[in-house]
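Work through the exercises below with the sequence and the coordinates at hand. Each task is followed by its solution in steps.

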Amino acid sequence: MIHAVLIFNTTGTSRLTKFYLPPSSLTPAQKAALPAQIFHLVSARPSSLCCFLDAPSLSTTWEPDTRIVYRCYATLFFVFVVDSSESELGILDLIQVFVESLDRAFENVCELDLVFHFDQVHHILAEIIQGGLVLETNVDEIASAVSESRKARKESYSAANPLSLAGSTGGMGQRGANSISTPLGWLAGKVSGLTSG
Amino acid sequence: MFERTLSDLIRGLRASSKKDEPKFISLAINEIRSEVRSKDMELKAAAILKLTYLDMLGYDMSWASFHVVEVMSSSKIHLKAVGYLAAVQSFKADTDVIMLTTNTLKKDIASPHPADITIALDGLSHIVTPDLGRDLSHDLIAMLNHSRPRIRKRAILMMYKVLMKYPEVLPHSFNRLREKLDDPDSGVVSATVNVLCELARRDPQYYLPLAPQLFDILTKSSNNWMLIKVIKLLGALAPFEPRLVKKLQKPVTDLISTTPAVSLLYECVHTCIIGGMLEGPGGNSLAKTCIDKLAAFLRDPDQNLKYISLLAMAKIVPSHPHLVAAHQDEIISSIEDQDISIRMRALDLVSSMVTDYNLQSIVQRLLAYLVPSQESTTSALPSAAQSLARTAAAVTSDMSLATPVTRADASPTPSTLTSAYRLEVCRRIITMCSRDAYENVTDFEWYLSVLVDLAYVSNVGSIGRDINDKLLDVVVRVRGVRTFAVGLMLRLLNDEILLENCRDPTSCSEVLWAAAWICGEYCSELASPQELAPLLLQPNVMLLPDETITIYLQSALKIFGHWAAEVSKHWDEGLLPEIKDQVDKMISNLDRFTTSPHIEVQERVSFFLASPAHLHSETLSRTAQASNIFQLLTFMRVDLSKHQEKLAPSSISNLESPNSSLPSLSKTSWAEPSFPKSLYLIRPLHVGELNAIAPQPQANVRVPEGLDLGIRILKTAGLLLAHEEGIENASPTANRRRKGKGKAEDESAKEKSKGTKKKKRDHLMAEAYIENPGDAAAREKRRAERIALMRDDPYYLVDDPPHRSAPQDDVDSIPIIRLDDLPSGVRTRAFGPTPVLSRSSYTSLRSRSSTPVVVDRGGEVSADIHTPTSATPPVSLKSPTTQPSSSSASGFIPSTKPLSRGFPPYELDDDDGGKNGLGVSAPEPIQVTRVKKKVWA
């Protein structure tokens, strides 16, 4: 199964951390430091090297059959920690699926999308992996599930906030939503963006 | 009021500098603290979302767990989603508010809106606990038949999580899961295969009935994702069903030859290997195909393929070493790959393909790789620390390898050659060579030089201890190599650079410990011991760690004692000045150690034999402590002077005037031998030979009568195991035997604490305890009762999942097979005393050997220890030479020898007899028992 999914950028800032099976030997503080530790190892590897990380220094964190599979897209590292019941090459493909799904949801995804919609990213990931097991691998199927759940949240949001034009509390806003500021939205005090900046 | 939204928070964080960040965050968290208490759910949810973001950055949010639950229970889906996300990210198994979520989850799962169900299932998959699993299992099982495939998929994956936490559901859900393999939606089937694949990792044999359905999917489906999982699952089942192996061969071979997907191809190859499909008839051609595919991967420019190829080859090596050996060159060159992942895999593979033919070349290659060389060019930039380490390595490595040194303009170190990796390589080299009692080592002189080279090139200080252990182990076990070893060690001791750098954390100065010990112990091999002794006491030695200094001191004394005794054998009065000179040198050299800050060193200096009291404090008043090593040497000096005095009138007149300051000695008469008797003073330090110790003497020590390790200290635990106890006590034979054998007692006590009934029964069986059928039935019944009892006990962790519906194997019904191939030591331990091997079988054993290397693989058993197996001859696998039979001396362990440290654990049990096992009958039981009894009573 998949133990963890981490995304961080090329300077080591976490963009998403999800532990499906947290390494039990670690204290919370160590666990929080883990992305940085992996980043340190991964970022030192030129892109010509293979996408599997076998680090002697991490051998105490996970069982020996656990593997770290990663891929770098532009400024982001996508890191999957998996055990031997997953196919190594399959996981590489799965990372690709994940990125494609992000791309569909955000249209030309870039790091900023992940920064400002980190909850969205979680929702998309939830359509691909549930509890460490792969739920769906078909990009179309994932995209439709994502948009379906987004629609549900959006409707619920507009029902609860009739004055707002676009939502942000649930993070379901489209890109640019939080820069919209209308008098009505301003009055409602729910619109994100410039009002309190 | 304008609350900060998540976007504001993120923007603020991005705008704030590193310095302001803590301030900014603490401000934000304060705001959140007040916001989560708000009555407005939207506001509360926004605060929780911000908190979740901060949680990702490493800030604690456990304090807000209750508010998270509040948000989760909101009826609005956009808020609910926030709540669930926060719960997934922040709840741990011990978060107490989880139990408050039960109703929310129940409600959401039963919701008419699929979106609610989706969120709830996803959330539950993270936070599920045994309690939640129990409470929700019914709803979840019903969910498996939900009308929407998307929900069915999620419910199936959910079942896995529930089964992990609450295995009791398996019997109820298994059939449903099985039905899902035939679901019309391929996504659902895929999810089911996924779950089964995970479940089958634990106990595959229970999932064998699914094989036909899975086979069907394998032949019909074209979804590669699913095929990979099906192949994996079938590979896990195959070892339990030979017919399945046969049946799988065709479709898997077809897949291998037809599929364009590399990942599927790899998985097929991998399954062939782990599923044991390469063994039976027809397996060889399949193995050939697999290896060919893997070799193609190995040559592929795609590094990922290279990596997995090495990974798979490591698994195929045990069964088909010759096929892998064909690609040896490519594999070994992967060790020098610039990618650490590939290097690690290659190391793994290489160390499993070592044989006595290729060991030397592989090790040489690895060693050469450790040597920093100019050719190693990588694009990576070295850090300052690495450059430093490199320079240090350059300095040390000059010595042994005599490579040209022009490293001032050293090219960048391979940045991946971290110390962790170096350590790994060194460890591999050592384990590779020492595996199976040095089975692959044919030339021990070579091995010793490898160890010494390692000490120089490893550049990792922490390997020093390992090298040390192996040096001692080899020299003690392999007699023939001692002369060579002493010469080699002498070179180490003479190496001043090593000594000077000993404080450097990357230097392996610990080998000096072994070097000094070996030279001291086997000083009879030294050509000129009188030169080494002062060397061991030179001023620079003070730089060494104190435990090494202590060994230096002892060795110096041993060497000196040996030399003095040797000199006396061909005594010539002309030698007297030289000896006197040596004694004086020793004394003056030792002087500096008395002021050593290390108490241990001081102790050692004064540790040796007590000398005559009348010399006390007369000459050594400056060192207030009783420095007995001084006294010893001073006594020698006095004796020598005395001797000289005696001779002075007659022949040797050119010597210095006699020392008359010691009138107390002058009256004594020293008539008989021509040489000064005191030359033999230190010699007794060196009596007897140290041998490797066999692994089991400790087990042979009897437990004193009256000591019952089985008695429980804690009363409550007794309740659970009371029935087990009853079984044992029911049989007087078993009981008596337990008392008779200390080892048995020991083990049963250990097992009791673990509560492993099965092992214990094995053990009893080994003790020739035969149970009648009535007992078995009663025992089975009691066992069931006890398990029921344990299940209700909240404080007892049931470690074997009770969901195993298949009947438990009756361990007692398994016939005992005498494993004749086992080494004698193993056999005797498991089944009690074996008959004495006859002389003829022993000689036949010896006669098949060819090389003159004697390896004492077993070690010795002290003559004091009662050993029921001592009649077995030592297994000297390759030895035509005579075994030393110094059984009388072997029991004597001089107290000055560093027994407490440095001996590696002996994992071998080829042999237990050791030196004294040759023809000697079982020695008397150990007397220690009485003493022990007193102590324990």
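The exercises go from the makeup of one chain to single residues, a helix, ring contacts and a surface patch.

This is a predicted model, in which local features need pLDDT of at least 70, side-chain atom pairs count only at pLDDT 80 or more, and totals for chains, interfaces and linings use all residues. Residues are numbered from 1 along each chain as its sequence is written, chains are lettered from A and ligands numbered from 1 in the order in which they are written, and side-chain values use heavy atoms, with hydrogens and water left out.

**Exercise 1. Describe the elements, burial and contacts of chain A.**

Step 1. Helices (H or I, at least four residues) and strands (E, at least two) are DSSP runs, numbered from the N terminus. Chain A has six helices and seven strands, in the order β-β-α-β-β-β-α-α-α-β-β-α-α from the N terminus.

Step 2. Buried means under 20% relative accessible area, exposed over 50%, and partly exposed in between, with a 1.4 Å probe and protein chains only. Of the 197 residues of chain A, 59% are buried.

Step 3. A contact means heavy atoms within 4.5 Å. Among contacts in chain A with a separation of 6 or more, 49% come from residues 24 or more positions apart.

**Exercise 2. Locate Ala74(A) and Asn108(A), and state their phi values and exposure.**

Step 1. Ala74(A) lies in the loop between strand S4 (67-73) and strand S5 (76-82) of chain A. Its phi is near 50°, a positive value in a residue other than glycine. With a relative accessible area of 76%, Ala74(A) is exposed.

Step 2. Asn108(A) belongs to the loop between helix H2 (88-106) and helix H3 (111-116) of chain A. Phi of Asn108(A) is near 55°, again positive in a residue other than glycine. Asn108(A) is exposed, at 63% relative accessibility.

**Exercise 3. Explain why helix H4 of chain B counts as largely enclosed.**

Step 1. Six of the eight residues of H4(B) (residues 65-72) are buried, so the helix is largely enclosed by the rest of the structure.

Step 2. The buried residues are Ser65(B), His67(B), Val68(B), Val69(B), Val71(B) and Met72(B). They pack against helix H3 (41-56), H5, H6 and helix H7 (114-127) of chain B.

**Exercise 4. Characterise the ring contacts.**

Step 1. Rings of Phe, Tyr and Trp (its six-membered ring) pair if their centres lie within 6.5 Å; planes under 30 degrees apart count as stacked, over 60 as edge-to-face and the rest as tilted. The structure holds 13 aromatic pairs over all chains. One of them, Tyr73(A) with Phe78(A), is edge-to-face, at 5.6 Å centre to centre and 90° between the planes. Tyr73(A) is partly exposed at 22% relative accessibility, whereas Phe78(A) is buried at 2%.

Step 2. Phe8(A), Phe39(A), Tyr70(A) and Phe77(A) are linked by ring pairs into a cluster.

Step 3. A charge sits over a ring if NZ of Lys or CZ of Arg is within 6 Å of the ring centre and within 35 degrees of the ring normal. Lys247(B) lies over the face of Phe215(B), 4.4 Å from the ring centre. The charged end of Arg343(B) sits over the ring of Tyr421(B), 4.3 Å from its centre.

**Exercise 5. Place Leu100(B) and state its exposure.**

Step 1. Leu100(B) lies in the loop between helix H5 (77-90) and helix H6 (102-109) of chain B.

Step 2. At 43% relative accessibility, Leu100(B) is partly exposed.
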